[in-house]
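Work through the exercises below with the sequence and the structure side by side. Each task is followed by a worked solution.

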Amino acid sequence: KIKNLYILMGRDVVPVDHVGTGCVFAIGGLDVYVKKTATLSSNPDTPPLHQTNPIGLLLKVALSPVRFQDYDKLVKGAERMCRADPCAETFLLPNGEIVLAVAGELHLEVCLKDLREKFLDSSVDFTCSPPIVPFRETYLCGVKNTEAWMWQDLLCEYYFSDEDDILECRFGYVNIKLRLCNTKDDPMEGVLYENTLTNCRLITNTKKISSNDQKALITGFKMAIQEGPLCGEPVGDCSICICSVEYIDDDSSDQQDTVEMGRFVSDTRTACHAAMLVWSPRLQLAQYKCVIQTPSPDYLGKVYSVIAKRQGRVLFEEYGEGAMAYFTITCRIPILRSFGFGEELRGKTSGMAYPQLSFDGFETFDLDPFMIDEDAPIAVSATNEAMQMIIDIRNRKGLYVERRITECAEKQRTRRK
């Protein structure tokens, strides 16, 4: 029940008993029930009138207080800040870590400034971790990875057929045959599961799979695309076709009853990861669509140099005619390389170039992480940029990373006492 009503009269807030039609008013006591936006109606079936902005929260940082006594104050301040900001989100991890999700670098600076100056006391101080950028994993269909390198043993025997591109995974009690398809050309019949957000699809070309096996296959496929085989990032643009599921025992019904369903789900996840590793796996980088305007052609060379330094790709360039004639350059820049992009661009062009960034999906980073340079004397991780990204992600998540304790041993020297 609504009790507190206020009329907004300029800077003043006047309490009233009722509000007429067409007035701008405020309601008190809703901060406990409403986090950001809500639609008030006497009919509970009324749909929300305001849809949230579909912009993705691209960057995540961890907040930690300098003094542990200020932990509760920091949590409450972050919650109040997220209520005031329509795009920011904050949540607590099971280990008690405070995570702040924002839309971009500039948004992060604004949120941290507001949190320090408006929503926390001057005595509360906190630190912020480096921002975490989202990644995705995918593969190149039709390109087999001859140097199949695994982070860990997959606990199965797998055999690859070059004729029909079918991978057979043997787990001792069941054999799963599957193949990877092209997400654009794969058949639409026999679709078991489809995720339109990440463009992942599980299909089958046989009708001999029982309903219980289909449920286990779908659950295992969901687990496989939730955490990929390279570095545990979500999988995008993936289509897997299940060709057959064969139990070793002739009496498949009895065998199915004795085998635990959880084991079959785990083996399905392992088979999907093995198929992604047999084909050439790739990383997908989150991209910004950058629109740069400059009034003079004298600064185009400096603009292009800054874009090339950030590993950007120019899409097109156009020139507007009339009194407000500007050169407009549209390009795509990886979010991983976009930190400090605006400041560097304005510094190089003396403030004559104006960038505008917006999220533009993911793009495949066309570099094989397993590519080995035979001429290089050290491990591939020291020269391969894609592998270095994978190692950094795995170190951040605490996953296993194979390291060389000694590299270039002939250059080591013993210190004299």
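**Exercise 1: the four-stranded sheet**

Task: give the strand order, the edges and the twist of the sheet that contains E5, E6, E4 and E7.

Solution. Step 1: in this predicted model, 4 strands make an open sheet, ordered E5-E6-E4-E7, with antiparallel pairing. Strands (E, at least two residues) and helices (H or I, at least four) are DSSP runs numbered from the N terminus, and two strands pair if DSSP finds at least two bridges between them.

Step 2: strand E5 (89-92) and strand E7 (126-128) each have a single partner strand, so one side of each is left without a neighbour in the sheet.

Step 3: on average, neighbouring strands are turned by 25 degrees against each other, direction ignored. The axes behind such angles are lines fitted to C-alpha atoms, for helices over the stretch in contact, and angles run from 0 to 180 degrees between N-to-C directions.

Step 4: inside the sheet, strand E4 (residues 59-65) and strand E6 (residues 98-102) run antiparallel and are joined by 5 bridges. Val61 stands opposite Leu100 in E6.

The numbering used here starts from 1 along each chain as its sequence is written. Local features need pLDDT of at least 70 and side-chain atom pairs count only at pLDDT 80 or more, while totals for chains, interfaces and linings use all residues; side-chain values use heavy atoms, with hydrogens and water left out.

**Exercise 2: helices on the sheet**

Task: which strands does helix H1 lie across, and which does helix H2 lie across?

Solution. Step 1: helix H1 (residues 71-84) lies across E4, E5, E6 and E7, at about 150 degrees to E5. Contact here means heavy atoms within 4.5 Å.

Step 2: helix H2 (residues 105-117) lies across E4, E6 and E7, and runs at about 130 degrees to E6.

**Exercise 3: the three-stranded sheet**

Task: describe the sheet with the order E2-E1-E3.

Solution. Step 1: this open sheet has 3 strands with antiparallel pairing. Strand E2 (12-16) and strand E3 (25-28) are its edge strands, each pairing on one side only.

Step 2: from one strand to the next, the twist averages 35 degrees.

Step 3: strand E1 (residues 4-9) is joined to E2 by 5 bridges, and Leu8 stands opposite Val13 in E2.

**Exercise 4: two helix pairs**

Task: classify the crossing of H3 with H5 and that of H6 with H7.

Solution. Step 1: the axes of helix H3 (residues 211-226) and helix H5 (residues 261-278) come within 8 Å and cross at roughly 50 degrees. H3 is therefore oblique to H5. Angles under 35 degrees count as roughly parallel, over 145 as roughly antiparallel, 65 to 115 as roughly perpendicular and the rest as oblique.

Step 2: the residues in contact include Ala216, Leu217 and Phe221 in H3, and Phe264, Val265 and Cys272 in H5. By class, this contact has 9 nonpolar, 5 polar and 2 charged residues.

Step 3: the axes of helix H6 (residues 300-309) and helix H7 (residues 341-348) come within 9 Å and cross at roughly 155 degrees. H6 is therefore roughly antiparallel to H7.

Step 4: Lys302, Val303, Val306 and Lys309 of H6 meet Phe341, Glu344, Leu345 and Lys348 of H7. This contact has 4 nonpolar, no polar and 4 charged residues. Ala, Val, Leu, Ile, Met, Phe, Trp, Tyr, Cys and Pro count as nonpolar, Asp, Glu, Lys and Arg as charged, and the others, Gly among them, as polar.
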